Amino acid sequence: MKKDFEILDHTADVGIIAYGADMKQAFANAAKGLFSLITELDDVEEVLHRDAELTATDAESLLVEWLNELIYQFDTEGIVFKRFDIIRLDNTRLKARGYGEKVNRSKHKLKTGVKAATYHMLKVDKNDGCQVQVLFDI
Amino acid sequence: MATPWQGILRKIDDYRWEIPTSYKQGMAVPGLIFASESMLAHTLEENAFQQVANVAFLPGIVKHSLAMPDIHWGYGFPIGGVAATRVKDGVVSPGGVGFDINCGVRLLRTNLTESEVRPRIEQLVNELFINVPSGLGSEGKIRVSEKELNEVMVNGSRWAVEKGYGDGEDVIVTEESGCMKGANPDKVSAKAKKRGIPQLGTLGSGNHFLEVQVVDEFYDREAAKAMGIEDLGQVLILIHTGSRGFGHQICTDYVELLGRAVQKYNISLPDRQLACAPVSSPEGQDYLAAMACAANYAWANRQFILHWVREACIKVFGKSAQEMGMRQIYDVCHNIAKIEEYTINGSKERLCVHRKGATRAFPAGHPDIPDIYRDIGQPVLIPGDMGRFSYVAVGTEAAMKETFGSTCHGAGRLKSRAAAKRSLRGADVARALAERGIIVKAGSIASLAEEASEAYKDVSEVVEVTHNAGISRKVARAKPMGVVKG
């Protein structure tokens, strides 16, 4: 079985390649990959949720905008997410719900600060399931 | 020596290598890489090389897409890249500045000597760690209202000084006097403000740090003296941070916005992260107004931190800041876009100079540098990794002619974070440094491996290239004694 996501080596920053049977699953796994950089997902419990509804010009931009929305949630509310329900997704619109909890320093080890998702090396490939690739500025 | 670039690069001299426009269809100007032959063979990555060529596509770019010797693979622009575009018909690219807008370095001199500080270095590092909020998710000791944040965006360093953090002398020896003109808080999103408010007055994480250093070599005694660096064994303190989540969000917002403008203005780019708009367009002007807000936020941030560094030293050494001669030498930004005037083909031209991991390096006599440095040139601060050296240099006329008044900004990464972590453990890195007399305190010990010397190029080799190429001139060298990492 393929992994949900893999970490991509980059000299200054870190990327994610995420897989899924469809675009919804690949987007959810990319978001999981993002939070795996920030903390140990095993230590996160699902105690709250947040919704996101976004539009963009294409699937690639939509992925970047969504991940940036999650980085914003983490940076302003201190929420770490571990699971995502993609409720609706096409090439220009996304509606999703993320489950997780607020960072608790005694419980969550914070690893890497992520500044933003970038458009460099960005890919959404819908052949043979779905595979997405995104590079974060660390 | 054979390099992977032979057949592509045209050697100009021992420190200059050109990527001709024939390399990639669409390059408007050639690339110019500053590097030694051995650096080309060992440290220049193919991806970084491609990025130099990609930046050459930007409409209105003049002379060269430049790469400093600390160049490495970034996103869109390479880190260590410099690109100047014509204001009248060229573009501005938020990716050419980066997410950490006005990430920069501030250097402080002291009268303290190594022999006075060494016995208390652990105490000093601990005190700095306590007094300067750092690490992922940390919040500042300062709470500003949205109205006050707007004032920070417009006034920069001066706002912090007016609130009692440091003094007017610090502002004078800060690039742009710590306040970039043209800042307009109306061009900054509510999201950026929300991210910015709690993070003001924090060091952050990643490669940001505070470092206690000891002067160990002089190259230009006279210039060093003008900066207050007089003796071997003298202690300096360096601050490296930027505009935190505030700047990251402004860049995020404008990469998205300008990504849409690319179609509107019919611009064709090889990488979406190079998203840009004409400098003179509403989108371009809005970005520059928001970017200036982040630049000013970063200068205020370093001003707060400078004050807390002074407080920590007062506590540890029981002397006043004046008695310890804790004067700021200079503050430079190394992620910024600025409108500057240069002579191109004999006529004066206003250019938008993008410095992405590059330092301004103006020569002696330039009107934009403080009076006290008018005779020696603008101080250039080049931190290395935490195990090797940092350099102080000055700007030169050659930089004005060749690199739009720019030089390198640091060592430049060599190994990815993951590769560094695979081969090193944070705890071992700390122990090895301690054995060499370098005390490190970090929010995350594991992340120390990512910042180990082995992950970076040798800063001495980088500085040697900029010195020999003439785009900045070495003044003094310092080695680390204590480091605080986020």
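Here is a short chat about how chains A and B meet in this predicted model.

Author: Local features need pLDDT of at least 70 and side-chain atom pairs 80 or more, while totals for chains, interfaces and linings use all residues. Residues are numbered from 1 along each chain as its sequence is written, chains are lettered from A in the order written, and side-chain values use heavy atoms, leaving out hydrogens and water.

Reader: What makes residues of chain A and chain B count as in contact?

Author: Contact means heavy atoms within 4.5 Å. By that rule, 36 residues of chain A touch 37 residues of chain B.

Reader: Why is the link between A:E65 and B:R260 called a salt bridge?

Author: The rule wants a side-chain nitrogen of Lys or Arg within 4 Å of a carboxyl oxygen of Asp or Glu. Here the N to O distance is 3.6 Å, so the pair qualifies. Across the interface, the rule finds five salt bridges. On chain A's side, α2 (59–77) is one of the elements that each give at least two residues, and α2(A) supplies the largest share, 10 residues. Helices here are DSSP runs (H or I, at least four residues), numbered from the N terminus.

Reader: Why is A:C130 called buried?

Author: Buried means under 20% relative accessible area, exposed over 50%, partly exposed in between (1.4 Å probe, protein chains only). A:C130 has 3%, so it is buried. B:C313, at 0%, is buried too.

Reader: How do you know how many disulfides there are?

Author: You look for cysteine sulfur pairs within 2.5 Å. Over all chains, the structure holds zero disulfides.
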